[in-house]
Amino acid sequence: MNKQSSFKEFMSNRFVRAILLSGLFLQLGIWVRNFSVLLFVMEQTNEDPFAVSMISVAEFAPIFIFSIIGGTFADRWRPKKTMVWCDVLSAISVFAVLFTLMFATWKIVFFAMLISSILSQFSQPSGMKLFKLHVPEEQLQMGMSIYQTMIALFMILGPVIGAFVFQQYGIELSIAITGVMFIFSALALTFLPRDREVEKKEIPTTVKEEFIQGFNYVVNNKFLRLLGANFFVAGLAIGLIQPLGIFIVTEQLQMDKEFVQWFMAINGIAMIIGGGIALALSKKITPIRMLAAGMVVNAIMISVIGFSEILWLTLVAQFFTGLMMPAIQISINTMILQNAEEAFIGRVNGIMTPLFMGAMVIMMSLAGLLKTYLGLVLSYQISGVCMLIGVVLVLPLVLKRRSVDTQVNMKTTVKVVK
């Protein structure tokens with residue numbers, strides 16, 4: 001089957017069309033919400049750093065608290081029904097915030113971020129479960145590539161759309177648009193295939209028991225165990241340099257702080273291109289090799305950014321870090337889907353996500369101290385070393401896959417000779 005017919009077959013899948021349309025509406029709603037809330041809070045508090053930081057807390061804190069809980073319930077509940085209800089409840093919470101905003105304190109906008117973020121921890125693993133159910137295994141990498149490319153595209157367009165809507169229409173209409181987008185997403189999800197009937201277990205299990213089963217499943221699965229360790233060190237690497245980009249611009253490159261928007265934009269543009277390249281290569285390169293290659297290139301480029309004082313060299317390195325990021329994210333999601341049983345998809349996803357986010361937040365909180373005491377250059381080298389450690393952790397999986405491919409090729413050669 002050629003690449004064009006494979007893509008056509010993929011897009012003809014009813015599940016794919018519905019999930020991508022839902023994702024489009026969700027991305028629109030999320031970015032309008034995020035930027036309208038950010039600009040509104042800055043406006044109300046005269047750019048108070050604590051108030052602005054609380055937006056991130058409201059958005060990311062539920063990932064640690066509810067990710068594994070949401071993953072466990074995603075394995076218990078019907079995935080389509082879960083996703084539809086999560087979008088509907090998100091819309092209701094947003095409209096409740098809008099109503100309250102008209103008569104009460106502006107601080108209620110934090111509630112919109114918090115509720116949506118909590119509900120997404122139930123919806124996202126259900127979406128992964130549906131990918132496992134409705135997309136053939138050979139098309140999983142392609143599916144992850146297309147979805148990741150759409151997210152990367154909104155990393156460029158989202159801030160522009162969100163800022164425009166807020167500046168033109170204000171916080172009330174921005175929140176209302178967010179609610180409407182969540183409703184549209186729920187409507188798109190109704191076109192998903194019906195949930196199949198789940199066979200009742202002879203001995204019913206509690207949520208706590210299923211959580212423990214999911215944890216043991218990951219610990220006892222060598223592939224997932226190594227992938228989780230890789231996930232953790234990748235989070236350390238990315239979290240360390242996330243807050244330091246502004247200092248690369250001002251200290252290393254001696255540019256004005258406003259230049260950071262172009263520094264970040266290059267990364268976003270590269271992610272869109274990287275998503276397209278990952279899609280094109282998805283039939284030729286296995287996810288584990290794509291992951292290893294992406295992390296090796298990122299390690300080198302992060303090191304270059306830390307050392308470089310030359311504008312063009314830094315921008316080229318920044319471009320390549322963005323180019324490789326989709327390959328890393330797509331590979332990890334694909335391998336989770338390929339190597340976890342359907343019954344455990346939600347819990348595996350719920351365990352993996354906090355590993356990455358937790359490591360990232362830890363290093364983000366330590367980045368300022370490390371930069372102060374070790375310097376900017378050394379901080380970036382530590383990040384690069386963490387990336388290389390991640391490659392070393394999954395090297396046994398890369399070598400195992402190469403051994404399997406070699407055996408397959410030898411068998412094919414023997415057949416041809418016969």
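Colleague: At what angle do helix H5 (residues 109–134) and helix H12 (residues 311–339) pack?

Modeller: At about 65°, with their axes 10 Å apart. The angle is the one between N-to-C directions on a scale from 0 to 180 degrees, and each axis is a line fitted to C-alpha atoms, for helices over the stretch in contact. Bear in mind that this is a predicted model, where local features need pLDDT of at least 70 and side-chain atom pairs count only at pLDDT 80 or more, while totals for chains, interfaces and linings use all residues. Residues are numbered from 1 along each chain as its sequence is written, and side-chain values use heavy atoms, with hydrogens and water left out.

Colleague: What makes something a helix here, and how many are there?

Modeller: A helix is a DSSP run of H or I with at least four residues, a strand is a run of E with at least two, and numbering starts from the N terminus. By that rule the protein chain has 14 helices and zero strands.

Colleague: Which hand does the crossing of H5 and H12 have, and why is it called that?

Modeller: H5 passes H12 in a right-handed crossing. The name depends on how the near helix is turned from the far one: anticlockwise by less than a right angle is left-handed, clockwise is right-handed.

Colleague: Which residues meet there, and what makes them a contact?

Modeller: Contact means heavy atoms within 4.5 Å. From H5 come Met-128, Phe-131 and Lys-132, and from H12 come Asn-333, Ile-336, Leu-337 and Gln-338. They divide into four nonpolar, two polar and one charged. For the labels, Ala, Val, Leu, Ile, Met, Phe, Trp, Tyr, Cys and Pro count as nonpolar, Asp, Glu, Lys and Arg as charged, and the others, Gly among them, as polar.

Colleague: What makes an empty space a cavity?

Modeller: Picture a 1 Å grid over the protein atoms alone: a cavity is a set of points where a 1.4 Å probe fits but cannot get out, and residues with an atom within 4 Å of a point line it. Grid points are joined across faces, edges and corners, and the volume is the space filled by probe spheres set on the points. The structure holds one cavity of 30 Å³ or more, and the largest cavity has a volume of about 40 Å³.

Colleague: Which residues line the largest cavity?

Modeller: Ser-67, Ser-120, Gln-121, Gln-124, Pro-125, Asn-349, Gly-350 and Thr-353. H5 gives the largest share of this lining, four residues, and H5 and helix H13 (345–374) each supply at least two. By class, the lining has one nonpolar, seven polar and no charged residues.

Colleague: Gly-71 touches two of those, I gather; is Gly-71 buried or exposed, and why?

Modeller: Buried: its relative accessibility is 0%, and the label covers anything under 20% relative accessible area, with exposed over 50% and partly exposed in between (1.4 Å probe, protein chains only). Gly-71 lies in helix H3 (residues 49–76) and touches Gln-121, Pro-125, Gly-346 and Arg-347, leaving out residues up to four places away in sequence.

Colleague: Why does Ser-282 get the label it has?

Modeller: Ser-282 has 7% relative accessibility, so it counts as buried. Ser-282 is placed in the loop between helix H10 (260–281) and helix H11 (287–307). Not counting residues up to four places away in sequence, Ser-282 touches Gln-141, Met-142 and Ser-145.

Colleague: And what of Ser-185, buried or exposed?

Modeller: Ser-185 is buried, because its relative accessible area is 0%. It sits in helix H6 (residues 140–189). Apart from neighbours within four places in sequence, Ser-185 is in contact with Ser-22, Phe-25, Leu-26 and Asp-87.

Colleague: Why is Gln-254 labelled the way it is?

Modeller: Gln-254 has a relative accessible area of 63%, so it is exposed. Gln-254 is found in the loop between helix H9 (245–252) and H10.

Colleague: What stands out about phi of Gln-254?

Modeller: Its phi is near 60°, a positive value in a residue other than glycine. Most residues other than glycine have a negative phi.

Technical notes: On a 1 Å grid over the protein atoms alone, a cavity is a set of points where a 1.4 Å probe fits but cannot get out, and a pocket is an open set with protein on both sides within 12 Å along at least five of seven lines; lining residues have an atom within 4 Å of a point.
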